[in-house]
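Biologist: Before I use this model at the bench, I would like to know how its descriptions were reached. Please take me through the reasoning.

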Amino acid sequence: KGVTKAVEMVNTVLAESLKGFDVSRQEELDKKMNELDGTPNKGKLGANAILGVSLAAAKAAAQGKGIPLYRHIADLAGNAEEMVLPIPCFNVVNGGSHAGNKLAFQEYFI
């Protein structure tokens, strides 16, 4: 089955209904796609199709504004604070009953 249905929905229903839509109006675009689907769980058009079009529109809007996608998404969310990178966390030792050793703890992160 794969993504065949999602690709079909993007190329037919969504393409026909959204052609010419202003990608800078993300909330309206997403609402329109949800209305076109008409189901509570995106069962008609498919969540993969709707998400793919939504992310493509966000990327196009960010490019149109000349900013990175993460900054555009922050703007959509109303986050005007300075952006900082997350601090990575590494799992260096596994233990516990599932690990096949006798360590008394589950995981050790640094």
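Biologist: What share of the contacts in the protein chain with a separation of 6 or more comes from residues 24 or more positions apart?

Modeller: In this predicted model, such residues account for 27% of those contacts. The chain has 4 helices and 2 strands, in the sequence order α-α-α-α-β-β.

Biologist: Why is helix 1 called oblique to helix 2?

Modeller: Helix 1, residues 4-18, and helix 2, residues 26-37, pack at an angle of about 130°. Roughly perpendicular covers 65 to 115 degrees and roughly antiparallel needs over 145. The angle of about 130° fits neither range, so the pair is oblique. The axes are 11 Å apart, and the crossing of helix 1 and helix 2 is right-handed.

Biologist: Which residues make that contact?

Modeller: Helix 1 contributes Leu14, Ser17 and Leu18, and helix 2 contributes Leu29, Lys32, Met33 and Leu36. By class, the contact of helix 1 with helix 2 has 5 nonpolar, 1 polar and 1 charged residues.

Biologist: What makes helix 2 and helix 3 roughly antiparallel?

Modeller: Their axes cross at roughly 165°. The cut-off for roughly antiparallel is over 145 degrees, so helix 2 and helix 3 receive that term. The axes of helix 2 and helix 3, the latter spanning residues 47-65, come within 10 Å. Helix 2 passes helix 3 in a right-handed crossing.

Biologist: Which residues of helix 2 and helix 3 meet?

Modeller: From helix 2 they are Gln26, Leu29, Asp30, Met33, Asn34 and Asp37, and from helix 3 they are Ile50, Val53, Ser54, Ala57 and Ala58. The contact of helix 2 with helix 3 comprises 6 nonpolar, 3 polar and 2 charged residues.

Biologist: Leu29 is named on the helix 2 side of the contact with helix 1 and also meets helix 3. Why is Leu29 called buried?

Modeller: The relative accessible area of Leu29 is 4%. Buried means under 20%, so Leu29 qualifies. Leaving aside residues up to four places away in sequence, Leu29 touches Leu18, Phe21 and Ala57. Leu29 and Ile50 are 21 residues apart in sequence, with a C-alpha to C-alpha distance of 10.0 Å.

Biologist: How much of the protein chain counts as buried?

Modeller: Of its 110 residues, 21% count as buried. The accessible surface of the protein chain is about 8200 Å², with 58% belonging to carbon and sulfur atoms.

How values were computed. Residues are numbered from 1 along each chain as its sequence is written. This is a predicted model: local features need pLDDT of at least 70, side-chain atom pairs count only at pLDDT 80 or more; totals for chains, interfaces and linings use all residues. Side-chain values use heavy atoms; hydrogens and water are left out. Buried means under 20% relative accessible area, exposed over 50%, partly exposed in between (1.4 Å probe, protein chains only). Contact means heavy atoms within 4.5 Å. Accessible areas come from the Shrake-Rupley method with a 1.4 Å probe; for residues, only the protein chains shown count as cover. Axes are lines fitted to C-alpha atoms, for helices over the stretch in contact, and angles run from 0 to 180 degrees between N-to-C directions. Angles under 35 degrees count as roughly parallel, over 145 as roughly antiparallel, 65 to 115 as roughly perpendicular and the rest as oblique. A crossing is left-handed if the near helix is turned anticlockwise from the far one by less than a right angle, and right-handed if clockwise. Ala, Val, Leu, Ile, Met, Phe, Trp, Tyr, Cys and Pro count as nonpolar, Asp, Glu, Lys and Arg as charged, and the others, Gly among them, as polar.
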